[in-house]
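This report describes one protein chain through its fold, its charged pairs and its surface. The sequence and the structure are shown first.

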Amino acid sequence: MSDEPAVRELRLVVTADDYDAALHFYRDVLGLAERGAFASEDGRVTILEAGRATLELTDPNHAAFIDEVEVGRRVAGHVRVAFQVDDSVATTAKPAAAGAEVIAEPTPTPWNSVNMTRA
């Protein structure tokens with residue numbers, strides 16, 4: 001048995017009705033570097049670098065707890081997308097200035113991070 005992991009990358013695929021707006025937000029506003037972009041008569045895809053990936057599994061009770069801590073009410077669906085950044089306050093301001101709806105301002109959590117929620 002090899003010590004090499006069987007899975008080398010976690011890729012989250014988001015289907016966006018407004019592809020150009022989503023690309024602008026994630027690439028230009030959040031600053032995710034473009035790894036590659038492909039287009040054909042079947043559509044378009046852009047692959048963006050988002051740093052190290054983890055898969056976090058939670059049960060419904062803990063998911064509700066996360067929402068309560070971060071937002072004060074249940075807002076997330078069964079998939080939550082999170083980015084670790086150096087400065088949550090500054091990173092919240094940039095998407096808000098670009099038109100993103102901030103659901104909750106940066107909030108200190110019991111697990112020693114500052115989290116924010118946006119739509």
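How many salt bridges does the count come to? In this predicted model, the count comes to 9 salt bridges. Three of these pairs are set out below, followed by the setting of their residues.

| Pair | Distance, N to O |
|---|---|
| Arginine 35 and glutamate 49 | 2.5 Å |
| Arginine 74 and aspartate 67 | 2.5 Å |
| Glutamate 70 and arginine 80 | 3.3 Å |

**Salt bridges in their setting**

The side chains of arginine 35 and glutamate 49 meet in a salt bridge. Arginine 35 belongs to strand 1, whereas glutamate 49 sits in the loop between strand 2 and helix 2, so this pair ties together parts that are 14 residues apart in sequence. Arginine 35 is partly exposed, with a relative accessible area of 42%; glutamate 49 is likewise partly exposed, at 34%. Both residues also take part in a network of salt bridges that links Glu9, Arg11, Arg35 and Glu49.

In the pair of arginine 74 and aspartate 67, the two partners have unlike surroundings. Arginine 74 is partly exposed at 41% relative accessibility, while aspartate 67 is buried, with a relative accessible area of 0%.

Glutamate 70 and arginine 80 also form a salt bridge through their side chains. This pair links distant parts of the chain, 10 residues apart: glutamate 70 lies in helix 2, and arginine 80 lies in the loop between helix 2 and helix 3. Glutamate 70 counts as buried at 8% relative accessibility, and arginine 80 as partly exposed at 35%.

**Overall fold**

The protein contains 3 helices and 4 strands, arranged along the sequence in the pattern α-β-β-α-α-β-β. Its C-alpha trace spans about 50 × 45 × 25 Å along the principal axes. Among contacts between residues at least 6 apart in sequence, 42% join residues at least 24 apart.

Strand 1 (residues 34-40) and strand 2 (residues 43-48) run antiparallel and are joined by 6 bridges. Together they form a hairpin with 2 residues between them. Serine 40 stands opposite glycine 43, which is in strand 2. In a regular strand, side chains alternate between the two faces of the sheet.

**Surface and burial**

Of the 119 residues of the protein, 18% count as buried. The exposed area is about 9,200 Å², and carbon and sulfur atoms supply 53% of this area.

Which residues make the nonpolar surface patch of about 510 Å²? The patch is made by Leu12, Val14, Val79, Val81, Phe83 and Val85. One of these residues, valine 79, is placed in the loop between helix 2 (60-70) and helix 3 (88-97). Valine 79 counts as partly exposed, at 49% relative accessibility.

**Serine 88**

Is serine 88 in helix 3 buried or exposed? Serine 88 is buried, with a relative accessible area of 15%. A polar atom of the serine 88 side chain lies 2.7 Å from the backbone oxygen of valine 114. Apart from neighbours within four places in sequence, serine 88 is in contact with Pro106 and Val114. Valine 114 thus appears both in the polar pair and among the contacts of serine 88.

Terms used. Residues numbered from 1 in each chain as written. Predicted model: local features only at pLDDT ≥ 70, side-chain atom pairs only at ≥ 80, totals over all residues. Heavy atoms only, no water. Patch = residues over 30% accessible without salt bridge, like charges linked within 9 Å, V, L, I, M, F, W, Y side chains within 5 Å. Areas by Shrake-Rupley, 256 points an atom, 1.4 Å probe, with all protein chains shown as cover. Salt bridge = Lys/Arg side-chain N within 4 Å of Asp/Glu carboxyl O. Buried < 20%, exposed > 50% of the residue type's maximum accessible area, 1.4 Å probe, protein only. Pairing = 2+ DSSP bridges. Polar contact = N/O pair within 3.5 Å; in protein donor to acceptor, adjacent residues only side chain to side chain. Contact = heavy atoms within 4.5 Å.
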